[in-house]
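Please look through the structure below before reading on. The paragraphs that follow start from one part of the fold and then widen the view.

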Amino acid sequence: MDFSWKILDLYADNGKITSAKYYCSIFDGENKVETEGYATFDGEVKTLFSEVTEEMVTEWVKESLSINGAYRDWE
């Protein structure tokens, strides 16, 4: 399966990211599913906004959407 992630928007409080709006598409060679949503980080993100990359936020989103890191099995 081919996963494609994109961070559409970030929300911060006091210079630290609190949530993100994301887009994800999944293609299995025949079918494509697309979704958008919001992931909230509940204070666990300590990285300053100025130091954050899209790759970092994508990982945080995946982690926030999974149970016990199960997202690693998706890809």
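In this predicted model, a good place to begin is helix α1, whose 12 residues should span 16 Å at 1.5 Å a residue, and whose end C-alpha atoms are 17 Å apart, which agrees. The helix covers residues 54-65, and its buried residues are V57, T58, W60, V61 and K62. As a general point, an α-helix has 3.6 residues a turn, so residues three or four places apart point the same way. In this model the buried residues of α1 pack against β1, β2 and β3. T58, which has its place in helix α1, counts as buried because its relative accessible area of 9% is under the 20% limit. Apart from neighbours within four places in sequence, T58 is in contact with W5 and I7.

What do the strands form together? They make an open sheet of three strands in the order β1-β2-β3, with antiparallel pairing. β1 and β3 (32-40) stand at the edges with a single partner strand each, so one side of each has no neighbour in the sheet. From one strand to the next, the twist averages 15°. Helix α1 packs on this sheet and touches β1, β2 and β3, while its direction makes about 100° with that of β1.

The pairing of β1 with β2 can be followed in more detail, for these two strands pair in the antiparallel sense over 11 bridges. The bridge partner of S4 is S25 in β2, and K6 stands opposite Y23, also in β2. The hairpin of β1 and β2 has two residues between the strands, and there N14 takes a positive phi near 55°.

From the sheet and the helix the path leads to the interior. In soluble globular proteins, nonpolar side chains tend to be buried together. Here the largest nonpolar core has 14 residues, and those with the most contacts inside it are I17, F41, V57, W60 and V61. The elements that give two or more residues to this core are β1 (2-13), β2 (16-27) and α1 (54-65), and β2 gives the most, with four residues.

One of these core residues, I17, is found in strand β2 and is buried, with a relative accessible area of 3%. Leaving aside neighbours within four places in sequence, I17 is in contact with residues including L10, F41, V45, V57 and W60. The C-alpha atoms of I17 and T47 are separated by 7.7 Å, although these residues are 30 residues apart along the chain. F41, in turn, is in contact with I17, T18, S19, A20, W60, V61 and S64, again leaving aside its neighbours within four places in sequence.

The aromatic rings complete the tour, since a search of the whole structure finds three aromatic pairs. In one of them, the rings of Y11 and Y38 have their centres 6.2 Å apart and their planes at 45°, so the pair is tilted. Because Y11 lies in strand β1 and Y38 in strand β3, this pair ties together parts that are 27 residues apart in sequence. Y11 counts as partly exposed at 31% relative accessibility, whereas Y38 is exposed, with a relative accessible area of 52%. For F41 and W60, the ring centres are 6.0 Å apart and the planes stand at 70°, so the pair is edge-to-face. This pair links distant parts of the chain, with F41 in the loop between β3 and α1 and W60 in helix α1, 19 residues apart. Both F41 and W60 are buried.

Technical notes: Residues are numbered from 1 along each chain as its sequence is written. This is a predicted model: local features need pLDDT of at least 70, side-chain atom pairs count only at pLDDT 80 or more; totals for chains, interfaces and linings use all residues. Side-chain values use heavy atoms; hydrogens and water are left out. A nonpolar core is a set of buried Ala, Val, Leu, Ile, Met, Phe, Trp, Tyr and Cys residues joined through side-chain atoms within 4.5 Å. Buried means under 20% relative accessible area, exposed over 50%, partly exposed in between (1.4 Å probe, protein chains only). Contact means heavy atoms within 4.5 Å. Two strands pair if DSSP finds at least two bridges between them. Axes are lines fitted to C-alpha atoms, for helices over the stretch in contact, and angles run from 0 to 180 degrees between N-to-C directions. The expected span of a helix is 1.5 Å times one less than its number of residues. Rings of Phe, Tyr and Trp (its six-membered ring) pair if their centres lie within 6.5 Å; planes under 30 degrees apart count as stacked, over 60 as edge-to-face and the rest as tilted.
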